[in-house]
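Me: I would like to discuss the structure shown below through a few questions. Please give the reasoning with each reply.

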Amino acid sequence: MITSATINIVSPAQFDRGTAQTPGCERHAAIAPELNIASAIWGGLFEAGPGSQTGVPHHGEQETIAYVLSGICEIRWGERGETVAKARAGDFIHVPAFLLHMEINPSKQEPFRWIVVRSTATPVVINLPDEAWPTLPVRS
């Protein structure tokens, strides 16, 4: 039993907006070393505005689990982004290590927001050049 540990409560005003980013979205760290929280995992909030499309990243050795808080997101992956799935509020998403992917918000009015947990304490974000994938149309 551990008695000297502490529980950390992190309010949105405390989120670290200086975390690694991909064009087209914002990541806000909530559980991270930068917030003086020693943890084996990273947690935060991911948001993409209406009509936005992210770049093409992968997260190295990290696995990612996300819970969709609000909105609808089209997720693409594969060698050229040819595989597509939609995630809606209430869905969980698992992104395997090293998988290239892109998130697209098909809504013109609403952002989508996810709670994200990564398998290491510091997020790994490796953004590919813009020309890595062809421009893909948003599916409705």
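Me: Is Ile65 buried, partly exposed or exposed?
Reply: In this predicted model, Ile65 is found in strand β4. Its relative accessible area is 46%. Buried requires under 20% and exposed over 50%, so Ile65 is partly exposed.

Me: Which strand gives the most residues to the nonpolar surface patch?
Reply: The patch covers about 620 Å² and is made by Ile41, Ile65, Tyr67, Leu69, Phe92, Ile115 and Val117. At least two of its residues come from each of β4 and β9. The greatest contribution, three residues, is that of β4.

Me: How many residues does the largest nonpolar core have?
Reply: Phe46, Ile75, Ile93, Phe112, Trp114 and Val116 have the most contacts inside this core. Two or more core residues are given by each of β2 (42-48), β4 (64-70), β5 (72-77), β7 (92-95) and β9 (112-118). Beyond four places in sequence, Ile75 touches residues including Ile93, Met102 and Trp114. The number of residues in the largest core is 16.

Me: Why is Cys73 in no disulfide with Cys25, and how many disulfides are counted?
Reply: A disulfide needs two cysteine sulfur atoms within 2.5 Å. The cysteine sulfur closest to that of Cys73 belongs to Cys25 and lies 9.8 Å away, which is too far for a bond. Cys25 is buried, with a relative accessible area of 12%, and Cys73 is buried at 0%. The count of disulfides is zero.

How values were computed:
Residues numbered from 1 in each chain as written. Predicted model: local features only at pLDDT ≥ 70, side-chain atom pairs only at ≥ 80, totals over all residues. Heavy atoms only, no water. Core = buried A, V, L, I, M, F, W, Y, C linked by side-chain atoms within 4.5 Å. Buried < 20%, exposed > 50% of the residue type's maximum accessible area, 1.4 Å probe, protein only. Helix = DSSP H or I, 4+ residues; strand = E, 2+ residues; numbered from the N terminus. Contact = heavy atoms within 4.5 Å. Patch = residues over 30% accessible without salt bridge, like charges linked within 9 Å, V, L, I, M, F, W, Y side chains within 5 Å. Areas by Shrake-Rupley, 256 points an atom, 1.4 Å probe, with all protein chains shown as cover. Salt bridge = Lys/Arg side-chain N within 4 Å of Asp/Glu carboxyl O.
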